[in-house]
Amino acid sequence: MRKEDKAIDVEANFYACIATLDSLVRFFEEGKIDPAIYKRQLQSLFRDIFKFQNMLREKGIDVQSFIERERLKEQFPLAIQRLEAPPLEGKGPTEILESPIAVAFKAAEIVADLITIIDAAKLETIANAKMLVPLLEDALILLEAFPGLDKDYWVLKSMRKWRDYLSNLPPDKVLPPDEVKKLEFEAVRWLNDFRGRLKTLK
């Protein structure tokens, strides 16, 4: 019974993290949370989510089956959308990110950074250089130090170009809709590629 009880506790903690993530995303979309605070809370939640989903696997519980059984996609769609790789060029979402234990927390921070950039770009009426440049710089620092990634990794090059471009704009200048759409699209590509590379790391 003790092992079963612990499994139930892990499931409850994982469920609570998903519910909290959904609320956090909704508050950000409604403009109730500053991007820097949003990013920090995302990082913390992703670390906990990665930890609990690994604990679920260790107890023989399939994470995807748990999500389907508890109807988490229906209850917390905003959270699940950010745990899954975003659709790109007509492709559907992939499974929730799996990362090696040794790099899981670092991966959580990078994923949270990239998701923050994507979500910030969606706020077209307030997306400016002052908001976006610090997010890009933080993500670059983490990616540059992440084990197993080449110095010439195309994502790093693309992110640096965007950072340099935005850094030369007036800080309070709101980007034109076509520019933020381009940034959102590129950030989705960055996130999808990073998640894909994580699956190959040992």
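The legends below accompany an overview and several close-up views of a predicted model.

**Figure 1. Overall fold of the predicted model, which has nine helices and zero strands.**
Followed along the sequence, the protein shows the pattern α-α-α-α-α-α-α-α-α. Of its 202 residues, 47% count as buried. When contacts in the protein between residues at least 6 apart in sequence are considered, 78% of them join residues at least 24 apart. The close-up views that follow take up two helix pairs, several salt bridges, a leucine in helix α2 and an arginine in a loop.

**Figure 2. Close-up of the packing of helix α6 (residues 104–122) on helix α7 (residues 129–144).**
Two packed helices are described by the angle between their axes and the distance between the axes. For α6 and α7 the angle is about 155 degrees, and the axes lie 9 Å apart. Because angles over 145 degrees count as roughly antiparallel, α6 and α7 are described as roughly antiparallel to each other. The crossing in which α6 passes α7 is left-handed. On the side of α6, the contact involves Glu109, Ile110, Asp113, Leu114, Thr116, Ile117 and Ala120, and these meet Met131, Leu132, Leu135, Leu136, Asp138, Ala139, Leu142 and Leu143 of α7. Sorted by residue class, the contact of α6 with α7 comprises 11 nonpolar residues, one polar residue and three charged residues.

**Figure 3. Close-up of the packing of helix α8 (residues 154–167) on α9.**
The axes of α8 and α9 come within 10 Å, and they cross at roughly 155 degrees. The two helices, α8 and α9, are therefore roughly antiparallel to each other, and α8 passes α9 in a left-handed crossing. From α8 the contact draws on Trp154, Val155, Ser158, Met159, Trp162 and Tyr165, while from α9 it draws on Glu179, Lys182, Leu183, Glu186, Arg189, Trp190, Asp193 and Arg197. The residues of this contact of α8 with α9 divide into seven that are nonpolar, one that is polar and six that are charged.

**Figure 4. Close-up of the salt bridge between glutamate 109 and arginine 47.**
Side chains of opposite charge can pair when their charged atoms come close. In the salt bridge of glutamate 109 with arginine 47, the closest N and O atoms are 3.1 Å apart. This pair links distant parts of the chain, since glutamate 109 belongs to helix α6 and arginine 47 to helix α2 (residues 35–58), with their positions 62 residues apart in sequence. Glutamate 109 is partly exposed at a relative accessible area of 23%, and arginine 47 likewise counts as partly exposed, at 24% relative accessibility. Glutamate 109 is also one of the α6 residues that meet α7.

**Figure 5. Close-up of further salt bridges, among them the pair formed by lysine 182 and glutamate 179.**
The count for the model comes to 18 salt bridges. The side chains of lysine 182 and glutamate 179 meet with an N to O distance of 3.8 Å. Both residues, lysine 182 and glutamate 179, lie in helix α9 (residues 177–198), where they are three residues apart, about one turn of the helix. Lysine 182 counts as partly exposed at 45% relative accessibility, whereas glutamate 179 is buried, with a relative accessible area of 15%. Elsewhere, salt bridges that share partners join Glu29, Arg82, Asp119 and Lys122 into one network. Another salt bridge brings together the side chains of glutamate 70 and arginine 69 at 3.7 Å, N to O, and glutamate 70 counts as partly exposed, with 28% relative accessibility.

**Figure 6. Close-up of leucine 45 in helix α2.**
Leucine 45 is buried, with a relative accessible area of 10%. When residues up to four places away in sequence are not counted, leucine 45 touches Cys17, Thr20, Leu21 and Leu24. Phenylalanine 14 and leucine 45 are separated by 31 residues in sequence and, from C-alpha to C-alpha, by 10.0 Å in space.

**Figure 7. Close-up of arginine 71 in the loop between α3 (63–69) and α4 (72–75).**
Most residues other than glycine have a negative phi, and most peptide bonds are trans. Arginine 71, although it is not a glycine, has a positive phi of about 55 degrees. Arginine 71 is exposed, with a relative accessible area of 53%.

Note on methods: Residues numbered from 1 in each chain as written. Predicted model: local features only at pLDDT ≥ 70, side-chain atom pairs only at ≥ 80, totals over all residues. Heavy atoms only, no water. Axes fitted to C-alpha atoms, helices over the stretch in contact; angles between N-to-C directions. Helix = DSSP H or I, 4+ residues; strand = E, 2+ residues; numbered from the N terminus. Parallel < 35°, antiparallel > 145°, perpendicular 65-115°, else oblique. Left-handed = near helix turned anticlockwise from the far one by under 90°. Contact = heavy atoms within 4.5 Å. Nonpolar A, V, L, I, M, F, W, Y, C, P; charged D, E, K, R; others polar. Salt bridge = Lys/Arg side-chain N within 4 Å of Asp/Glu carboxyl O. Buried < 20%, exposed > 50% of the residue type's maximum accessible area, 1.4 Å probe, protein only.
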